[in-house]
Amino acid sequence: MLIFLIGMMGAGKSTVGRQLAAQLNYTFIDLDDYLEAREGRTIARIFEQEGQESFRKKERQALEAVVQEYKQAVVATGGGAPCFFDNMSFMNQHGTSVFLDVSVEEIVARLQKTNLATRPLLTGKSTEELKEFIGQTLISRRQYYEQAKHQVPVQYQSIAALSTILNLP
């Protein structure tokens with residue numbers, strides 16, 4: 001089974017994904033890392049050199065490649081991946097999707113503890129600009145995220161809770 005973790009940047013997809021994959025003895029795939037390895041350059045560099053539209057096409061190709069290459073994996077997608085092309089339908093067709101639903105305040109707090117320069121959409125934003133951007137982005141993306149087969153509020157994002165929600169051993 002493929003399990004796709006979706007949600008905003010900073011929602012905990014990679015952290016939760018690594019833990020869940022270890023529990024299930026599945027491969028963990030961070031789609032952004034997978035794409036960077038395929039392209040031989042960072043997401044920031046792809047954005048800089050080719051723009052968001054080209055990046056989203058490459059992201060879709062990486063998603064398709066993961067589905068072809070792996071049968072048992074937990075995949076942490078980029079925050080925008082579900083919102084382009086028919087990526088949500090594709091993920092739901094080829095596995096199960098889980099929306100990690102985290103509040104704007106929690107996302108901002110988590111992101112401020114990271115290097116924002118590695119996230120092209122956040123580079124150079126003040127705290128207030130970050131809150132505004134995350135809030136507006138979450139509003140526009142929620143319609144895609146809510147197409148996930150499972151929605152898990154932040155307070156239930158333990159591995160035990162996810163296992164129960166997904167009906168896993």
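At what angle do the axes of α2 and α3 cross, and within how many Å do they come? In this predicted model, the four views below start with that pair of helices.

**View 1. Helix α2 crosses helix α3.** The two axes cross at roughly 105 degrees and come within 8 Å. Angles of 65 to 115 degrees count as roughly perpendicular, so α2 is roughly perpendicular to α3. On the α2 side, look for Leu-31, Asp-32, Tyr-34, Leu-35, Glu-36, Arg-38 and Glu-39. The α3 side brings in residues including Ile-43, Ile-46, Phe-55, Lys-58, Glu-59, Leu-63, Val-66 and Glu-69. Sort the residues of this contact by type and you get ten nonpolar, one polar and seven charged.

**View 2. Lys-58 on helix α3.** Here we zoom in on one residue of α3, Lys-58. Is Lys-58 buried or exposed? Its relative accessible area is 16%, and the cut-off for buried is under 20%, so Lys-58 counts as buried. Leaving aside residues up to four places away in sequence, Lys-58 touches Leu-35, Glu-39, Arg-41, Ile-46 and Glu-50. Of these partners, Leu-35 and Glu-39 belong to the α2 side of the contact in View 1.

**View 3. Helix α3 alongside helix α4.** Now swap α2 for α4, which covers residues 87–94. The axes of α3 and α4 sit 11 Å apart, and the packing angle is about 5 degrees. Angles under 35 degrees count as roughly parallel, so that label fits α3 and α4. From α3 come Arg-60, Leu-63, Glu-64 and Val-67, and they meet Asn-87, Phe-90, Met-91 and His-94 of α4. By type, the residues of this contact split into four nonpolar, two polar and two charged. Leu-63 may look familiar: it is also part of the α3 side in the contact with α2.

**View 4. The largest pocket.** This one has a volume of about 690 Å³. Its lining takes in 32 residues, and the ones nearest the centre are Met-9, Gly-10, Lys-13, Asp-32 and Arg-119. Which elements give two or more residues to the lining? They are α1 (13–24), α2 (31–39), α3 (43–69) and α5 (104–111). Helix α3 turns up again here, with the largest share of the lining, five residues. As for chemistry, the lining is a mix of ten nonpolar, twelve polar and ten charged residues. Asp-32 links back to View 1, where it is one of the α2 residues in the contact with α3.

Technical notes:
Residues numbered from 1 in each chain as written. Predicted model: local features only at pLDDT ≥ 70, side-chain atom pairs only at ≥ 80, totals over all residues. Heavy atoms only, no water. 1 Å grid on protein atoms, 1.4 Å probe; cavity = no way out; pocket = protein on both sides within 12 Å on 5 of 7 lines; lining within 4 Å. Points joined across faces, edges and corners; volume = space filled by probe spheres on them. Helix = DSSP H or I, 4+ residues; strand = E, 2+ residues; numbered from the N terminus. Nonpolar A, V, L, I, M, F, W, Y, C, P; charged D, E, K, R; others polar. Axes fitted to C-alpha atoms, helices over the stretch in contact; angles between N-to-C directions. Parallel < 35°, antiparallel > 145°, perpendicular 65-115°, else oblique. Contact = heavy atoms within 4.5 Å. Buried < 20%, exposed > 50% of the residue type's maximum accessible area, 1.4 Å probe, protein only.
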